[in-house]
Amino acid sequence: PLRTSSLSMAELDMTPELEAAVAEVRECASAFGEDTAHFANVWIDKMIEGNMDGTAAGLLDECVLDDSDKCENFSKALSKLDGLLGVVAGEQY
C-alpha cells in the first residue's frame, strides 16, 4: 500500500499551551503592522494544518534594523511556538 507522511496529513492537536503560543505570536506580529500580522497568520495556519514546509524566517525581517523589546518578544514567541510545533509534530510519527 502507498504510505503518505503522517506529518503532512495530520492536523496538530491544539493544546492550551499551543493555543497560547499561537495567540502570543499573533499578538507580537500585529505590533509590526498588518503585513507582518498577515504573514504570521498564514505561516501559523500552514503549521497547524500540518504543512511544515514553511519557514518563519521572513517574520523577523522587521527586526534586522530594530532591536526593541517588541522584536525580542516576537523572537521569543516564535521560538516558543516553533519548539511546541516541533514537539507536537514529532509525536505524530
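**Exercise 1. Find how many salt bridges the whole structure holds, and say which residues form them.**

Solution. A search of the whole structure, which is a predicted model, finds two salt bridges.

Step 1. Start with Arg26, which forms a salt bridge with Asp45; their closest N and O atoms are 3.5 Å apart. This pair links distant parts of the chain, with Arg26 in helix H2 and Asp45 in helix H3, 19 residues apart.

Step 2. Now look at how open these two partners are. Arg26 counts as partly exposed because its relative accessibility is 28%. Asp45, at 35% relative accessibility, counts as partly exposed too.

Step 3. Move on to Glu72, which forms a salt bridge with Lys76, with 3.2 Å between the closest N and O atoms. Glu72 and Lys76 are four residues apart in helix H4 (residues 69-90), so about one helical turn separates them.

Step 4. Check the accessibility of this pair as well. Glu72 has a relative accessible area of 42%, so Glu72 is partly exposed. Lys76 reaches 52% relative accessibility and therefore counts as exposed; the cut-off for exposed is over 50%.

**Exercise 2. Describe the overall make-up of the protein: which elements does the protein have, and in what order do they run?**

Solution.

Step 1. Count the elements: the secondary structure comes to four helices and zero strands.

Step 2. Read them from the N terminus on, and the order is α-α-α-α.

Step 3. Add the burial: of the 93 residues of the protein, 32% count as buried.

Step 4. Turn to the surface. The accessible surface comes to about 6,000 Å², and 52% of it belongs to carbon and sulfur atoms.

Step 5. Finish with the contacts. Take those between residues at least 6 apart in sequence: 66% of them join residues at least 24 apart.

**Exercise 3. Work out which residues of H2 are buried and why they share a side.**

Solution.

Step 1. Get to know the helix. H2 covers residues 16-30, has 15 residues and reaches 21 Å from its first C-alpha to its last, close to the 21 Å expected at 1.5 Å a residue.

Step 2. List the buried residues of H2: Leu18, Ala21, Val22, Val25, Cys28 and Ala29. They cover an arc of only 130 degrees around the axis, which puts them on the same side of H2.

Step 3. Recall a general point about spacing. An α-helix has 3.6 residues a turn, so residues three or four places apart point the same way.

Step 4. Look at the other side of H2, where Pro16 and Glu27 are exposed.

**Exercise 4. Do the same for H3: compare the expected span with the distance between its end C-alpha atoms, then find its buried side.**

Solution.

Step 1. The 15 residues of H3 should span 21 Å at 1.5 Å a residue, and the end C-alpha atoms are 21 Å apart, which agrees.

Step 2. The buried residues here are Thr36, Ala37, Ala40, Trp43, Ile44, Met47 and Ile48. Because their arc around the axis is only 135 degrees, they lie on the same side of H3.

Step 3. On the other side of H3, the exposed residues are Glu34, Asp35 and His38.

Step 4. Take a closer look at Ile48, which lies in helix H3 (residues 34-48). Its relative accessibility is 17%, so Ile48 counts as buried. The C-alpha atoms of Ile48 and Met14 are separated by 8.1 Å, although their places lie 34 residues apart along the chain.

Step 5. Just after H3, Gly50 takes a positive phi of about 95 degrees.

**Exercise 5. Explore the largest nonpolar core: which of its residues touch the most other members?**

Solution.

Step 1. The core has 20 residues, and those touching the most other members are Val25, Trp43, Ile44, Phe74, Leu81 and Leu85. H2, H3 and H4 each supply at least two residues of this core. H4 gives the largest share, seven residues.

Step 2. Follow Val25 outward. Leaving aside neighbours within four places in sequence, Val25 is in contact with Ile44, Phe74, Ala77, Leu78 and Leu81.

Step 3. Stop at Phe74, which lies in helix H4. With 0% relative accessibility, Phe74 counts as buried. Phe74 and Ser30 are 44 residues apart along the chain, and their C-alpha atoms are separated by 9.8 Å.

Notes:
Residues numbered from 1 in each chain as written. Predicted model: local features only at pLDDT ≥ 70, side-chain atom pairs only at ≥ 80, totals over all residues. Heavy atoms only, no water. Buried < 20%, exposed > 50% of the residue type's maximum accessible area, 1.4 Å probe, protein only. Expected span 1.5 Å × (residues − 1). Arc of directions from axis to C-beta. Salt bridge = Lys/Arg side-chain N within 4 Å of Asp/Glu carboxyl O. Contact = heavy atoms within 4.5 Å. Areas by Shrake-Rupley, 256 points an atom, 1.4 Å probe, with all protein chains shown as cover. Core = buried A, V, L, I, M, F, W, Y, C linked by side-chain atoms within 4.5 Å.
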